[in-house]
Amino acid sequence: MTVYIEYVVIDNMTMNTLLLYAAFLTLRQKPRVWRVLLSALLGTACALALPLLKAPAWAAFLLKLVVALLMTLIVLPKFKLKYYIMSNLIFVAYTFVLGGAILGLFYMTGTDFKAMSALNYTWGVPIGLYAAGIGLFVYLAFNITRYISAAKKRAAFMRKVRLSLNGRVFELKGYVDSGNLLESDGLPVCFVLDKRLSKFAAELLAQWLASPASRDERFKVIYFDTVAGKRQRAYAFKPDLFEVDDKPKEVYAALAGKKMRGGGQFDILLNASFDE
């Protein structure tokens, strides 16, 4: 078997550097180049040493685990247990994503899977195949990073909401909508997206509309103008209890139209006044 050490070094250094950068950029950390290169070099040294040591499978796995923990520790700008744990989890996840991307390309092109674990470069695998795998990984890593970044930004506006109406209690995920400035009778208006609550409130509103003589004062019709200047109406109710992060509030909850529903990431759009 012919072994080209320089190819193994280049391959591992490239992959390790890419994985480490991707992991820490996902966490919005800015690692120093020398730390990344030193960490990648450690991983490369381990990759070179393992086949020569001929260690049993359990020992090889343990060594890889220890080296992986050291690699992220070296790159970490300032040690914080939270970031250290997350960096290790993301580093491992991206390792599987990259391996999966290359494995998938091997499968689609009919390339022998042994080429992934071989310590020689006589398999005739086109370099473009590895490049395509890296390109696919970068694309996936970029989208994962963007998703995590968006989730972090959303989390700053998420609130825990507890709403009670006619004896029923609903635990909801609220989102502070900076564009929702609507008020009625001096109270902020929130828009209900949750299907269970919408259905329950709609049934009560239907009873309210059907009994003009004994109308419940908790229910009302709210008229408002959209950003486009279109006049709309919404059926609303005043909850018996409304808490935002365990703090009682007095609001009107309006049933959202079909265009406002969807996504499933939150159950109620809170008024901008709850951005505290």
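## A tour from the helices to the strands

Start by selecting residues 57-75, helix α3: at 1.5 Å a residue, its 19 residues should span 27 Å, and the end C-alpha atoms are 27 Å apart, which agrees. The model on screen is a predicted one. Within α3, colour Ala-59, Ala-60, Val-67, Ala-68, Met-71, Thr-72 and Val-75, the buried residues of this helix. Keep Thr-72 and Val-75 labelled for a later stop.

**The whole chain**

Zoom out to the full model. The chain holds 6 helices and 10 strands. It has 276 residues, and 38% of them count as buried. Its accessible surface comes to about 16600 Å², with 63% of that belonging to carbon and sulfur atoms. If contacts are restricted to residues at least 6 apart in sequence, 66% of them join residues at least 24 apart.

**Helix α2**

Next select residues 33-53. This is helix α2, with 21 residues and a reach of 30 Å from first C-alpha to last, close to the 30 Å expected at 1.5 Å a residue. Show the side chains of Val-36, Ser-39, Ala-40, Gly-43, Thr-44, Cys-46 and Leu-50, where present; these are the buried residues of α2. Look down the axis: they cover an arc of only 150° around it, which puts them on the same side of α2. The background is that an α-helix has 3.6 residues a turn, so residues three or four places apart point the same way.

Now turn the helix over. On the other side of α2, Leu-52 and Leu-53 are exposed. Step along to Lys-54, just after α2, and check its backbone: phi is positive there, at about 50°.

**Ser-87 in helix α4**

Select Ser-87, in helix α4, which runs over residues 81-109. Is Ser-87 buried or exposed? Its relative accessibility is 0%, so Ser-87 counts as buried. Which backbone oxygen does the side chain of Ser-87 reach? That of Tyr-84, at 2.8 Å.

Then expand the selection to the surroundings of Ser-87. With neighbours within four places in sequence left aside, Ser-87 is in contact with Ala-23, Phe-24, Leu-27 and Thr-72. Thr-72 is one of the buried residues of α3 labelled at the start. For Val-75, draw a C-alpha to C-alpha distance to Ser-87: the two are 9.6 Å apart in space and 12 residues apart in sequence.

**Salt bridges**

Move on to charged side chains. The whole structure contains 7 salt bridges, and three are visited here.

Select Arg-159 and Asp-245. They form a salt bridge in which the closest N and O atoms are 4.0 Å apart. Arg-159 lies in strand β1 (residues 158-165) and Asp-245 in the loop between β7 (241-244) and β8 (247-248), so the pair ties together parts that are 86 residues apart in sequence. Shade the two by accessibility: Arg-159 is buried, with a relative accessible area of 11%, whereas Asp-245 is partly exposed at 36%.

Go next to Arg-162 and Glu-171, whose side chains meet in a salt bridge at 3.1 Å, N to O. Arg-162 counts as partly exposed at 33% relative accessibility, and Glu-171 counts as partly exposed at 49%.

Last of these, select Lys-238 and Glu-250. The N to O distance in their salt bridge is 2.7 Å. Lys-238 is in the loop between β6 (231-237) and β7, and Glu-250 is in the loop between β8 and β9 (252-255), so this pair ties together parts 12 residues apart in sequence. With 26% relative accessibility, Lys-238 counts as partly exposed; Glu-250 is also partly exposed, with a relative accessible area of 46%.

**Asn-271**

For the final stop, select Asn-271, in the segment after β10 (268-270). Why does Asn-271 count as buried? Its relative accessible area is 3%, and buried means under 20%. Follow the side chain of Asn-271 to the backbone oxygen of Val-189, reached at 3.5 Å.

Show what surrounds Asn-271, again without neighbours within four places in sequence. Asn-271 is in contact with Val-176, Asp-177, Asn-180, Leu-181, Leu-182, Pro-188, Val-189 and Cys-190. Val-189 thus appears both in this contact list and as the residue whose backbone oxygen the Asn-271 side chain reaches.

How values were computed: Residues are numbered from 1 along each chain as its sequence is written. This is a predicted model: local features need pLDDT of at least 70, side-chain atom pairs count only at pLDDT 80 or more; totals for chains, interfaces and linings use all residues. Side-chain values use heavy atoms; hydrogens and water are left out. Helices (H or I, at least four residues) and strands (E, at least two) are DSSP runs, numbered from the N terminus. Buried means under 20% relative accessible area, exposed over 50%, partly exposed in between (1.4 Å probe, protein chains only). Contact means heavy atoms within 4.5 Å. A polar contact is a pair of N or O atoms within 3.5 Å; within protein, one must be able to donate a hydrogen and the other to accept it, and residues adjacent in sequence count only if both atoms are side-chain atoms. The expected span of a helix is 1.5 Å times one less than its number of residues. The arc is that of the directions from the helix axis to the C-beta atoms. Accessible areas come from the Shrake-Rupley method with a 1.4 Å probe; for residues, only the protein chains shown count as cover.
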